Amino acid sequence: MILTQEQQDALTELINIAFSKTAASLSDLTGHRVLLDVPKVDIIPIEDMSRKLGAFIQGEVATVHQIFTGTLAGDAMLVLNADGASMLVNLLTGQERPGIRVDATGREVLTEIGNILLNACLGMFGNLLKVHVSFSVPRLFVEDLEAMMGTLVVGQEELRYALTVSTNFRLQGNAVEGYLVIVLGVVSLDQLIHAIERWTEHPIIE
Amino acid sequence: MAKILIVDDSMLSRRMMRAILESDGHEVCEATDGMSGIERYFLEKPDLVTLDLTMEGMHGIDVLTRIRQIDPKARVVVASADIQDATRALVMEAGARAFVNKPFNTRQVLEAVRNALQGDPS
C-alpha cells in the first residue's frame, strides 16, 4: 500500500503533534528538555517489517506491546534497541543500570513510557476517527527481533500492514532511538486513511 | 489538605503522582490494582481517588463504577495515558470529577484535584 504525498504529510503531522505533546509532558516530569525529531512514517507489508527494522536494530530488542480493539484494531509496539532501552531507563530514573535486561524498576519505566507513547498516538487516531479504541494492559518483552516478529504474525492472519514511526528522543544530550510500530488489518488501515483524507480537508484538532 | 488514594498499576506513575500531590501538602496512600483500590478506599476513606484506567484485572471504569455504587459521594479523578475524547466522555458519565492525562503535568493535576475537592459531593 502506497500513501500519496499528501496522506504521508498529514499522517506525519498528526503523529508529530501527538508525540510533541508527550515530549512536553515528559520534559515537565523529568525536569529536562526533551527533544523529539520529526517522526518518519511509513506503511509497509508486515512481511517487510523484519527487514526494515533489522536495518536499524540487531540482536535483542525491548518491545512494549499493546493490543487495541474496537473499530480501529491491531497491535501496537514501541521497539527499542538494547542501548536505547537501558539509556531511557537510566535517564528517567537517574540511576545507572547496565544492559537491556533491566530490573523491575526499569521494566516498569519502559512499560509505562511505552504505554504513554502508544496511547498518545493511537488516542489521536481515535479522536480523529471519532471512534473509541480500547487498550489492553501493556506488556514488555525482551527478545531478538526475529522472535518478536514471530509472535506478532502467528495466529493473526488478518494483519497485513504495519504503520512504522521511527522516532528519536533526546534527553540531556543523549539520543534514544526507537520505533513505534502499529500493525493494522486492511479494514482499520482503510478507515485510518479515509479519516486522514477528511482531516486534510478540515485539519482542526478539537 | 486532603487524603488522596492513588490507584495505578505503574510504579512510575504512582511515584510521579505522589510527588505532585505531596508537593501540595496532601497525604497520599496507594493501591496497585483496581480490586485493592476498592479495598483501600473503604479502609482509608480518602477524600479523593486518582484512578488509572488500563490495569491488570479490573479496568478503571469498572473500579470507578463500583466505588460510586457503594459511595455515591466518592470524588474520583481519572488519570490515564488514554487521550481519547470518547474515553473522557465515558469516565465523566460514570461519575469522575475530572480527567487528566499521562504523563502528568503538575499544574493540571493540582488544578483538577483542587476543583474536585471543592465541588459538592454528589
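## A walk from the core outwards

Start by selecting B:V77 and B:V78: of the 93 residues in the largest nonpolar core, these two touch the most other members. The biggest contribution to this core comes from helix 4 of chain A, which supplies 11 residues. Keep in mind as you click around that this is a predicted model.

Stay on B:V77 for a moment and show what surrounds this residue. Leaving out residues up to four places away in sequence, B:V77 touches B:L48, B:T50, B:A96, B:R97, B:A98, B:V100, B:A112, B:V113 and B:A116.

**Next stop: chain A as a whole**

Color chain A by secondary structure and you should find six helices and eight strands. Follow the chain along its sequence and the order reads α-β-β-α-β-β-α-α-β-β-α-β-β-α. Of the 206 residues here, 43% are buried. Take the contacts in chain A between residues at least 6 apart in sequence: 71% of them join residues at least 24 apart.

Now switch to coloring by confidence. Chain A has a mean pLDDT of 77, with 85% of its residues at 70 or more. Which elements have the lowest and the highest mean pLDDT? Select residues 145-153 of chain A for the low end, helix 5, at 71, then residues 133-135 for the high end, strand 5, at 89.

**Helix 3 of chain A**

Select residues 82-93 of chain A. This is helix 3, and at 1.5 Å a residue its 12 residues should span 16 Å; the end C-alpha atoms sit 17 Å apart, so the two agree. Its buried residues are A:G84, A:A85, A:S86, A:M87, A:L88, A:V89 and A:L92. Step just past the helix to A:G94, where phi is positive, near 75°.

**Helix 4 of chain A**

Residues 104-129 of chain A come next. Helix 4 has 26 residues and runs 36 Å from its first C-alpha to its last, close to the 38 Å expected at 1.5 Å a residue. How many of its 26 residues are buried? The count is 21, so helix 4 is mostly covered. Right after the helix, look at A:K130, which takes a positive phi of about 55°.

Go back into helix 4 and pick out A:E108. Why does A:E108 count as buried? Because there are 21 C-beta neighbours inside 10 Å, and 20 or more is enough to qualify. Measure across to A:V89 in your viewer: the two residues are 19 apart along the chain, and their C-alpha atoms are separated by 9.2 Å. Setting aside neighbours within four places in sequence, A:E108 is in contact with B:S10, B:M11 and B:L12, which takes you over to the other chain.

**Where the chains touch**

Select both sides of the contact: 21 residues come from chain A and 20 residues from chain B. On the chain A side, the elements giving two or more residues are helix 1 (5-30), helix 4 and strand 5. Helix 4 gives the most, with 12 residues. Color that side by class and you get nine nonpolar, nine polar and three charged residues.

**Last stop: two strands in chain B**

Finish with residues 3-7 of chain B, which form strand 1; four of its five residues are buried. Add residues 27-31 of chain B to the selection. That is strand 2, running parallel to strand 1 and joined to it by five bridges. To see one such pairing, highlight B:V7, whose bridge partner in strand 2 is B:A31.

Notes. Residues are numbered from 1 along each chain as its sequence is written. Chains are lettered from A and ligands numbered from 1 in the order in which they are written. This is a predicted model: local features need pLDDT of at least 70, side-chain atom pairs count only at pLDDT 80 or more; totals for chains, interfaces and linings use all residues. The expected span of a helix is 1.5 Å times one less than its number of residues. A residue is buried if 20 or more other C-beta atoms lie within 10 Å of its own, exposed if 12 or fewer, and partly exposed in between; C-beta atoms are placed from the backbone. Two residues are in contact if their C-beta atoms, placed from the backbone, lie within 7 Å. pLDDT is the predictor's confidence in each residue, from 0 to 100. A nonpolar core is a set of buried Ala, Val, Leu, Ile, Met, Phe, Trp, Tyr and Cys residues joined through C-beta atoms within 7 Å. Ala, Val, Leu, Ile, Met, Phe, Trp, Tyr, Cys and Pro count as nonpolar, Asp, Glu, Lys and Arg as charged, and the others, Gly among them, as polar. Two strands pair if DSSP finds at least two bridges between them.
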